[in-house]
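Let's take a walk through a protein together, one piece at a time. Have the 3D view ready and turn it as you read.

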Amino acid sequence: MPFPLSFADDAAPSHPLHLVCPETLPDWVGGPGGEWAGWLAATGFKAGLGELCLLPAKDGVAGAIVGLGTIQARARMRFGVAKSFSTLPAGTWHLEGAPSETDAKEAALAWLLASYSFDRYRPNKAKSDQPRLKLPDGVESETLLAMAEGEFLTRDLINTPASDMGPQELQEAFFALAGRFGATASAIVGDDLLAQNFPMIHAVGRASNRAPRLLELRWGSEGPLLTLVGKGVCFDTGGLDIKPASGMLEMKKDMGGAATVMGLALMIMRLGLPLRLRVLVPAVENSISGSAMRPRDILTSRKGLTVEVNNTDAEGRLVLADALAYACEEEGATIISMATLTGAARVAVGPDLAPFFADDPSLAAAIEAGAIAGFDPVWRLPFWDPYEAMIEPGIADLDNAPSGGFAGTITAALFLRRFVNTPRYAHFDIYGHVPSAAPARPKGAGGQGARALLYALPDLLGL
Ligand code: BES
Ligand code: ZN
Ligand code: ZN
């Protein structure tokens, strides 16, 4: 991750980066940009989204013009303006002509998010001088910087392969995050302790020689209580119901929920929001050995509900269920879970959109509004009561993998809801992965939902 993650000093000399839409291009060329009218015509500049044209001066570069595209083009590509940033020459730049403060904010956030690269395994990779951006007028920098740093933490954690990001290493990252902000952190680890208190976390993680554990962080002493729960499956082989190679390939990202709640926690703590934060991460590896849980085993959860394991690959809901039950033992919390929980969520909405579930309409509305403010799209799906019967196997209270496979993301969400005792609950079934590079979202790890939640918090918690 680039360091420092910051905007350029306001006093630094800088080149203008003119933002222009196709509709306003003629005005610009006929007015302030008259000097380059011939140049822009000759180069065929049309102000398409992310299209860049350097503006020459006698002795170098006078500035650059970047197209914002039509409204339709912008609707089809989030952060599209960032396409141009990677080809800008080094130096300091400032935005000019953003049609609104929202456009300026999107461009500034896109700039920060586009500057990410994951270089842990090639530290000697030559880094060329990066261009820098000044903070645009009317845009508040602290929130943007906190959001970018949180997202970078999420991406770093997910991108790190499972060989270097097991439950122990995830714990180290978790403790480091707590330490930086003076939060308290603890880990519940050890076969006996876990088997007695968090039996489903233990059952999922016990086959690995990298010990399962439950991580907990607390920060802040006043204000409403927000409890974040993130799925921390450091690698998901599927267990005895082993995944095929193609399905296992990306499973280092199965701690994406943990990484995302840790990124959100960073944002909250860095901004010093007036709330009490609790973060719970069941950190396990869903592995295979003689001690692995078996299909049709019946587990007794922390809450006392029994669960028939009809597929060892539906492990995320097991570890989350015990963590959610624990979260609910403390009264008054607003609870959010985030997890790379089901392949069905991806079939339903694809990789860019984070489906979420919430019974409380005001909570859902706050998250939807936050998604717009944070350029972080989400889509509400229902906790559909009529499907409750699908998660009841007959021989235990619950089935972790209903046969039939209908509405897999909904039945997984309904399963989690059985362990929650408050309507102030939202669950996100995220993907945590960008399958092909998009503006400001390089291929690889990608957070989802954290910025939407950050912007939702004032409404959600009455801050
Ligand atoms: N970690 C996976 C879900 C997943 C797969 C997320 C691919 C993102 C991309 C989860 O543990 C899993 O394997 N779920 C199963 C559940 C099924 C067996 C009921 C799934 O979705 O296939
Ligand atoms: Zn699985
Ligand atoms: Zn999983």
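What follows is a tour of two sheets, a few helices and a pair of metal sites.

Before we set off, keep in mind that this is a predicted model.

Let's start with the sheet of five strands. It is an open sheet with the order 2-3-1-4-5, and its pairing is mixed. If you're new to sheets, here is the basic idea: strands pair through backbone hydrogen bonds, either parallel or antiparallel. What stands at the edges here? Strand 2 and strand 5 (131-133) do, each with a single partner strand, so one side of each has no neighbour in the sheet. The sheet isn't flat either, as its neighbouring strands are turned by 30° against each other on average, ignoring direction.

Now zoom in on strand 2 (residues 52-57) and strand 3 (residues 60-67). These two run antiparallel and are joined by six bridges. How does the chain get from strand 2 to strand 3? Through a hairpin of two residues. You can pick out some of the facing partners yourself: Pro-56 is opposite Val-61 of strand 3, and Leu-54 has Ala-64 of strand 3 as its bridge partner.

Next, look for the helix that lies across part of this sheet. Helix 4 (residues 101-114) lies across strand 1 (15-20), strand 4 (91-96) and strand 5, and it runs at about 145° to strand 5.

There is also a sheet of three strands to find. This one is open too, in the order 11-12-16, and again the pairing is mixed. Its edges are strand 11 (298-300) and strand 16 (398-399); each has a single partner strand, so one side of each is left without a neighbour in the sheet. Strand 11 pairs with strand 12 in the antiparallel sense over three bridges, and Leu-299 is opposite Val-307 in strand 12.

Time for the metals. The zinc ion (ligand 2) is held at 2.0 to 2.2 Å by Asp-236 (OD), Asp-313 (O), Asp-313 (OD) and Glu-315 (OE). The zinc ion (ligand 3) is coordinated by Lys-231 (NZ), Asp-236 (OD), Asp-254 (OD) and Glu-315 (OE), at 1.9 to 2.4 Å. Which residue coordinates both ions, and how far apart are they? The answer is Asp-236, and the two zinc ions are 3.2 Å apart. Asp-236 sits in strand 9 (residues 232-236), while Glu-315 sits in the loop between strand 12 (306-308) and helix 11 (316-327), so this pair ties together parts that are 79 residues apart in sequence.

What about the geometry? For six octahedral donors, the ideal angles are 90 or 180 degrees. Around the zinc ion (ligand 3), the six donor atoms make angles of 77 to 174°, and the site is octahedral. Around the zinc ion (ligand 2), the six donor atoms subtend angles of 72 to 168°, which makes that arrangement irregular.

Last stop: two helices that cross. The axes of helix 5 (residues 141-159) and helix 15 (residues 450-461) come within 10 Å and cross at roughly 140°, and the crossing is right-handed. Where they meet, Thr-143, Met-147 and Glu-151 of helix 5 face Arg-451, Leu-454 and Tyr-455 of helix 15. What kinds of residues make up that contact? Three are nonpolar, one is polar and two are charged.

Technical notes
Residues are numbered from 1 along each chain as its sequence is written. Chains are lettered from A and ligands numbered from 1 in the order in which they are written. This is a predicted model: local features need pLDDT of at least 70, side-chain atom pairs count only at pLDDT 80 or more; totals for chains, interfaces and linings use all residues. Side-chain values use heavy atoms; hydrogens and water are left out. Axes are lines fitted to C-alpha atoms, for helices over the stretch in contact, and angles run from 0 to 180 degrees between N-to-C directions. Helices (H or I, at least four residues) and strands (E, at least two) are DSSP runs, numbered from the N terminus. A crossing is left-handed if the near helix is turned anticlockwise from the far one by less than a right angle, and right-handed if clockwise. Contact means heavy atoms within 4.5 Å. Ala, Val, Leu, Ile, Met, Phe, Trp, Tyr, Cys and Pro count as nonpolar, Asp, Glu, Lys and Arg as charged, and the others, Gly among them, as polar. Two strands pair if DSSP finds at least two bridges between them. Donors are N, O and S atoms within 2.8 Å of the metal (3.2 Å for Na, K and Ca); water is not among the atoms, so sites may look incomplete. Four donors count as tetrahedral if all angles lie between 85 and 135 degrees; four count as square planar and six as octahedral if opposite donors are over 155 degrees apart and all others between 65 and 115; anything else is irregular.
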